[in-house]
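Q: Got a minute to go through this model with me? I'd like to start with how the strands line up.
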Amino acid sequence: MCPAFGSLRVGLRMRRTASVLSGSACCVYGLTFTSHFYGAKRSVGYVPFSSETLVTGKLFEDIKEAVEVLADPALYDTIIVTNLCVPTASGVPLQLLPDQINGVRVIGIDVPGFGVPTHAEAKDVLAGAMLHYARKEAEQGPVAAPKTRPDRPTVTLLGEMFPADPPGIGLMLEPLGLAAGPVVPTREWRELYSALDCAVVGAIHPFYTASIREFEAAGRNVVGSAPVGADGTAAWLDAIGKACGVAQDRIDASKNRFIPAIRGALAAKPVRGRITVSGYEGSELLVARLLIESGAEVPYVGTACPRTIWSDPDREWLEAHGCRVQYRASLEQDIAAVEEFGPDLAIGTTPVVQHAKQKSIPALYFTNLISARPLMGPAGAGSLAMVVNAALANQHRFDKMTAFFEGVGTGATAGVWENTPVDRPEFKAKYAAKRIAAAKAEEHIGT
């Protein structure tokens, strides 16, 4: 999927924010279709271009004119303009757009498919750009106060998560004298100020490097990992408490209150089986940790996101529990893991799920069935067990289907035939040689 889908969704979720795309029409169509398929209820602006407007610089003038028309302070606080592949590669300079028009902020970002590997990282591109803008505003003078302001120091939560997770984290932070702050990416502009005005940042998704740079520029410490499972929750509370100078007895009070509840929830809903995990959301390592603490064997976890120092606590824990962690995992590596470990269940992307099911292995799509669940604290403990155990229990159905379709063939031989097609590799080689010769002849004519 085009990575710009991630940043586009962030903009479409924000109140009083307009989103404008500059790119090929087919790309814009796909992005807007997918965004509305996933529930966007706002229009997406589009600035079309031709070869002439692209090479002459007229496209930039068209974008600027479109933003000027759109910049109505009665409707918007912010306008986000996103360059897709072609304008980015052609150097359309969105950084030359005015910082604000009629009091409406203007933010330009480049999110090309060839430069931003995943839509999860595209969310960080936009979140980082907005945090940078908000930080500069706060440095220049007073800014809009949040709708609600906690009476305790806050922990900003970096990375999208299930809606029930932040309140659960807030309950665990309460004995420490802390409160859960905004979740970045935020839902409105003023929350960015609150996010920056925190005691510490919890990098729940540790690959938000652009956002982390802004927090560090604002003098904020960043703590990796998340309160997932008993071990993860204990280590995370220790790290957060240490970063905020909280007394150990207060940290222990929270741990003594919540860790037994987490262990009890994990024990009540055990998971038995070998499971491989892969995905592109950025929470793959956290899911693997939770599965292992639930009793599952997880020999492999692959994530399309990069390794950072803030993911080291999760990586080290997983490796100590016999799990191989693959950052920037390719489809080939994820499929190779399924082949190598022969799991009872494969959790992964659509093609990984397809490959596993073709081998009669139960499989679950990570994005829709796994990441859309609470993971943190007592609420997260056992949350995966129902769907995972249901999938593990389906092995007999796969075996039954495999037996039923045994002998019908695969690929070109799939189906019921009076005379089953026979592969003729010598013909393929013969015609391949002819094609190569013809291509060489065309190259010779061209020179």
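Q: What stands opposite threonine 154?
A: That's alanine 179 in β7. The model is predicted, so to speak only of what can be used: local features need pLDDT of at least 70, side-chain atom pairs count only at pLDDT 80 or more, and totals for chains, interfaces and linings use all residues. Residues are numbered from 1 along each chain as its sequence is written, and side-chain values use heavy atoms, with hydrogens and water left out.

Q: How many bridges are there between β6 and β7?
A: Strand β6 (residues 154-158) pairs with β7 in the parallel sense over 4 bridges. Two strands pair if DSSP finds at least two bridges between them; strands are DSSP runs of E with at least two residues, helices are runs of H or I with at least four, and both are numbered from the N terminus.

Q: What's the strand order in that sheet?
A: β7-β6-β8-β9, an open sheet of 4 strands with parallel pairing. The edges are β7 (179-184) and β9 (222-223), each pairing on one side only.

Q: Which peptide bond is cis?
A: The one from valine 184 to proline 185, with omega near 10 degrees. Proline 185 sits in the loop between β7 and α8 (190-196). Most peptide bonds are trans.

Q: Switching to β12, which side chains are buried there?
A: Val325 and Tyr327, which point to one face of strand β12 (residues 324-327), while Arg324 and Gln326 point to the other and are not buried. Buried means under 20% relative accessible area, exposed over 50%, and partly exposed in between (1.4 Å probe, protein chains only).

Q: And what does β12 pair with?
A: β11 (residues 297-303) runs parallel to β12, joined by 4 bridges. The chain gets from β11 to β12 through helix α13 (residues 312-320), in a right-handed β-α-β crossover. Right-handed here means that, with the strands pointing away from the viewer, the path from the first strand over the helix to the second runs clockwise.

Q: What's the phi of arginine 328?
A: Positive, about 50 degrees, although arginine 328 is not a glycine. Its place is in the loop between β12 and α14 (331-341), and arginine 328 is partly exposed at 37% relative accessibility.

Q: Where is arginine 16?
A: In the loop between α1 (4-13) and β1 (17-22). Arginine 16 also has a positive phi of about 50 degrees, and is partly exposed with a relative accessible area of 34%.

Q: Last one: is phenylalanine 37 buried or exposed?
A: Exposed, because its relative accessibility is 60%. Phenylalanine 37 is in helix α2 (residues 25-37).
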